[in-house]
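Work through the exercises below with the structure at hand. Each task is followed by a stepwise solution.

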Amino acid sequence: MAAADGSHALVVDPGDAQVVQDALSRLNLKLDAILLTHHHGDHTGGVDELRDATGAQVFGPLNEDMPEPLLRVQDGGFCGALGLPFSVLEVPGHTRGHIAYYCDKVSLENHDSDGQDEGILFVVTPYSLAVVADCLKARRHKCWRRSTN
């Protein structure tokens, strides 16, 4: 995701650093943040290289074995990336500590049909998406309760 100013970006679950670096170079973007949803290598494989190359801040789940250093976040918490506040939602199922990031304050070039800004959600699996969508509809923050009922 690129910032509104078109010069900064964040990436979610970078399994391969080279793919991200190529895109950053092609689009002339500076990587500011890396958001991690869970510990699997195909989602964290590029973290160390990207962090070292760019100085990007890394955020990841509190209860997962993640590449350090990073700022750990948990359900009900927030993290800031690209000047936006992202809510952290627990969505266990794919992994025990799996999280999603949600921001409802995104100003996009393309607005919905009412001209309102749309939110953005970073989640990895279809199951997690269903859990988070259900939670957001109900405006519940303890998504893990919804996924275990």
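**Exercise 1.** In this predicted model, find the partner of K30 in a salt bridge and classify both residues by exposure.

*Solution.*
Step 1. K30 pairs with D32; their closest N and O atoms lie 3.5 Å apart.
Step 2. That falls within the 4 Å limit, so the contact counts as a salt bridge.
Step 3. K30 has a relative accessible area of 42%, which makes it partly exposed.
Step 4. D32, at 26%, is partly exposed too.

**Exercise 2.** How many salt bridges does the structure hold? Locate the one within helix α3.

*Solution.*
Step 1. The total is three.
Step 2. In helix α3, D48 and R51 sit three residues apart, about one turn of the helix.
Step 3. Their side chains meet at 3.2 Å, N to O.
Step 4. Buried means under 20% relative accessible area, so R51 at 12% is buried.
Step 5. D48 is partly exposed at 38%.

**Exercise 3.** Describe the sheet and place helix α3 against it.

*Solution.*
Step 1. Four strands run in the order β1-β2-β3-β4, paired in parallel, and the sheet is open.
Step 2. β1 (8-12) and β4 (71-73) are the edges, each pairing on one side only.
Step 3. Neighbouring strands are turned by 25° against each other on average, direction ignored.
Step 4. Helix α3 (residues 47-54) packs on the sheet and touches β2 (30-35) and β3. Its direction makes about 145° with that of β2.

**Exercise 4.** Trace R72 from its strand to its salt bridge.

*Solution.*
Step 1. β3 (residues 57-61) and β4 pair over three bridges.
Step 2. In β4, R72 stands opposite G60.
Step 3. R72 also forms a salt bridge with E68, with the closest N and O atoms 2.6 Å apart.
Step 4. R72 is partly exposed at 30%, and E68 is partly exposed at 47%.

Definitions and conventions:
Residues are numbered from 1 along each chain as its sequence is written. This is a predicted model: local features need pLDDT of at least 70, side-chain atom pairs count only at pLDDT 80 or more; totals for chains, interfaces and linings use all residues. Side-chain values use heavy atoms; hydrogens and water are left out. Two strands pair if DSSP finds at least two bridges between them. Helices (H or I, at least four residues) and strands (E, at least two) are DSSP runs, numbered from the N terminus. Axes are lines fitted to C-alpha atoms, for helices over the stretch in contact, and angles run from 0 to 180 degrees between N-to-C directions. Contact means heavy atoms within 4.5 Å. Buried means under 20% relative accessible area, exposed over 50%, partly exposed in between (1.4 Å probe, protein chains only).
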